[in-house]
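Here are some short exercises, each with a worked solution. Grab the model and work along.

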Amino acid sequence: MREVSEEVGLAITLGIPLPSIRYAVKPGCKEVHYWAAAVDDLPALPDGKEVDVALWCSPSKARDLLSNPSDLEPLEALVAAYEGSRLSTWPLLIIRHAKAKPRSSWTRAEGERPLAATGKRQALYLQRLLMAWHPGRIYTSDWLRCISTISPYAQATKPKVKVVQWLTEADHKRHPAKVTAVVEKMLARSSATAMCTHRPVLPTVLKALAGHMPSAMRQSLPFLDPHLSPARSSLRTFLWTSPAQLWPWSSTSPTKTDKSSLNKPGLMRQRRQFPERGTRTHSSPPVTWLQPPYGDKP
């Protein structure tokens, strides 16, 4: 995302992952990961250093322009996803709050326990990560450590933040069905959304999501160890169809009837989808669920 912004002047929103490529460099082997990405209809502005010219073109012309044969694989995957209606996705991000001060050293109310210094750094890293998917609505536990985790992103982008008491550890323990209801509400909106909650709440969240998945996708969920590290989230890419069901983007696409109803409530103005260079196709906004690469240290 940084390179696209710096080299061609475009702010992008990530969609589905595309095949990665590898090639030899002097230190060893370099691996490049590609994603479908969406941009508004703004002109590209090449930096004149890394990029001389930016061009939106058809997939067939893009094939002719690519000089590296290995670059064809992510391009072909993008075209196949578009033709299979698998680009019409939206992000759903489930986040565990950043690292908080130890319970053993905290004598006040549990809901007031703040982030540790490491947790504050993690919250800043999380802000940059969420910018890749731009969730416009966030559901969060009303305990301080959750609110502090999403605050950097919320202050930077001004999404709609809904503070939900049922997402706290204490209220979840008494009323787990309320958490399930929150997940169902998030899914019903069919728009870019994030949830920030606590470790003990995550199994209930995953169970609610599993109820909307085909069996193959359910088996990929981490039920044996559903407890993400602090400030981490878990990544899958879904299609949301009617009747309510989540589909993995890489699996067989839904039936023709299902595809015709994809994202109808959430259609937005046309956006270009591209792997990194210019293939111009169109789709509605992207979806996800993620595993960031950052840890406890900067």
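**Exercise 1.** How much area does the chain expose, and what share of it do carbon and sulfur atoms supply?

*Solution.* First, a word on the input: this is a predicted model, where local features need pLDDT of at least 70, side-chain atom pairs count only at pLDDT 80 or more, and totals for chains, interfaces and linings use all residues. Residues are numbered from 1 along each chain as its sequence is written, and side-chain values use heavy atoms, leaving out hydrogens and water. Now the area: the chain exposes about 15,200 Å² (Shrake-Rupley method, 1.4 Å probe), and carbon and sulfur atoms supply 53% of that.

**Exercise 2.** Work out how H4 and H5 pack.

*Solution.* Start with the axes, lines fitted to C-alpha atoms over the stretch in contact. Those of H4 (residues 117-130) and H5 (residues 144-157) come within 8 Å and cross at roughly 45°. H4 and H5 are therefore oblique to each other (neither under 35 degrees, nor over 145, nor 65 to 115). Next, look for contacts (heavy atoms within 4.5 Å): Ala123, Leu124, Leu126, Gln127 and Leu130 in H4 meet Ser148, Thr149, Pro152, Tyr153 and Ala156 in H5. Sort these residues and you get seven nonpolar, three polar and no charged.

**Exercise 3.** Is His172 buried or exposed?

*Solution.* Find His172 in helix H6 (residues 169-174). Its relative accessibility is 11%, so His172 counts as buried (under 20%). Then check its surroundings: leaving aside neighbours within four places in sequence, His172 is in contact with Trp166, Val179, Pro200, Val201 and Thr204.

Terms used
Axes fitted to C-alpha atoms, helices over the stretch in contact; angles between N-to-C directions. Helix = DSSP H or I, 4+ residues; strand = E, 2+ residues; numbered from the N terminus. Nonpolar A, V, L, I, M, F, W, Y, C, P; charged D, E, K, R; others polar. Buried < 20%, exposed > 50% of the residue type's maximum accessible area, 1.4 Å probe, protein only.
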